[in-house]
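The exercises below invite you to read one structure step by step, and each task is followed by a worked solution. Please look at the sequence and the model before you begin.

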Amino acid sequence: MFRLLTNSFVILISAGLMVSGCSPRISKGVRKKDIEKDIEILTDKGRMVARLSDSTPLHRNNFIRLVKSHFYDGISFHRVINGFMVQGGDPATKNPKDTVDKTRIPAEFRQTLFHKKGVLAAAREGDDSNPKKGSSYSQFYLVQGRVFTDESLDSTETFRLKGRKLPAAHREVYKTLGGTPHLDQNYTIFGEVIKGVGVIDSIAAVQTTGKGKGDRPLTRVNIIRMKLIPRK
């Protein structure tokens with residue numbers, strides 16, 4: 001009987017190791033199985049599904065940790081500019097007593113990632129106080145942008161990008177899908193909306209306090225819930 005129990009115990013231990021070994025921890029609060037999932041973003045204006053980029057692991061892992069901890073549940077989009085972007089992630093919109101976390105995530109600029117419509121990127125403080133362009137710990141934005149012509153892209157390269165040329169493939173996307181090319185290589189992109197891009201338009205269409213007054217929606221647009229979901 002003792003031998004039988006011992007063998008069973010060994011089998012159970014081995015099985016446990018196999019199960020835990022299937023999803024090793026790759027970062028604090030993040031396991032391998034987590035980075036193989038998408039993010040469901042349920043808002044007052046509809047549902048979106050975002051896929052995070054494996055080429056920006058610091059931002060990917062940080063966002064996953066926040067989603068798993070339900071950090072974003074109940075937070076609102078606090079800055080909305082139609083034709084540009086919608087921004088959320090400020091904990092003070094859920095609890096005014098919450099202070100902004102000053103932790104910055106090092107920039108992860110990638111030539112392959114650009115500001116086409118639907119992109120998920122990290123907000124940050126301006127260059128004067130943040131010369132290394134480190135990202136906000138929690139605040140993000142979703143790009144709406146606009147559709148460009150060759151002429152308007154040429155102008156963007158000259159005046160907004162200081163002569164830096166946009167790749168031809170990126171230009172084509174900006175002329176069809178649209179986006180915000182002047183932000184390229186200045187803010188870290190770490191994912192994109194792969195389902196429900198129209199929700200961004202719905203959020204962007206709400207009335208706000210306007211330019212120079214914070215661009216705050218006059219009616220709250222809440223993130224009801226964010227959670228990890230299996231990829232399809």
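**Exercise 1. Find the partner against which the buried residues of α5 pack, and then describe the two faces of this helix.**

Solution. The buried residues of α5 pack against α4, which spans 150–160; helices here are DSSP runs of H or I with at least four residues, strands are runs of E with at least two, and both are numbered from the N terminus. The model is a predicted one, in which local features need a pLDDT of at least 70 and side-chain atom pairs count only at pLDDT 80 or more, while totals for chains, interfaces and linings use all residues. Residues are numbered from 1 along each chain as its sequence is written, and side-chain values use heavy atoms, with hydrogens and water left out.

Step one is to list the buried residues of α5 (residues 168–176), which are His170, Arg171 and Tyr174. They lie on the same side of α5 because they cover an arc of only 100 degrees around the axis, the arc being that of the directions from the helix axis to the C-beta atoms. Buried means under 20% relative accessible area, exposed means over 50%, and partly exposed lies in between, with a 1.4 Å probe and protein chains only.

Step two turns to the face of α5 that points away from the buried side, where the exposed residues Ala168, Ala169 and Thr176 are found. Just after α5, Gly178 takes a positive phi of about 95 degrees.

**Exercise 2. Determine which parts of the chain are tied together by the salt bridges of Asp34 and of Glu40.**

Solution. A salt bridge is a side-chain nitrogen of Lys or Arg within 4 Å of a carboxyl oxygen of Asp or Glu, and the structure holds 19 of them.

Asp34 forms one with Lys68, and their closest N and O atoms are 2.8 Å apart. Since Asp34 lies in helix α2 (residues 32–35) and Lys68 in helix α3 (residues 57–68), the pair ties together parts that are 34 residues apart in sequence. Asp34 counts as buried at 2% relative accessibility, whereas Lys68, at 37%, counts as partly exposed.

Glu40 meets Arg225 in a salt bridge of 3.0 Å, N to O. Glu40 belongs to strand β3 (residues 37–43) and Arg225 to strand β12 (residues 223–230), so this pair ties together parts that are 185 residues apart in sequence. Glu40 is buried, with a relative accessible area of 8%, while Arg225 is partly exposed, with 30%.

**Exercise 3. Name the residues that are linked in a network of salt bridges.**

Solution. The network links Asp150, Asp154, Glu157, Lys165, Arg171, Glu172 and Lys175. Among these residues, Arg171 has already appeared as one of the buried residues of α5.

**Exercise 4. Summarise the chain as a whole, and say where the model calls for caution.**

Solution. The chain has six helices and twelve strands, and buried residues make up 44% of its 232 residues. Counting contacts (heavy atoms within 4.5 Å) between residues at least 6 apart in sequence, 72% join residues at least 24 apart.

The average pLDDT, which is the predictor's confidence in each residue from 0 to 100, is 91 for the chain, and 90% of the residues score at least 70. Over residues 1–21, however, the pLDDT is below 50, and this stretch has zero contacts in the model beyond near neighbours in sequence. Where pLDDT is low, the predicted coordinates should not be read in detail.
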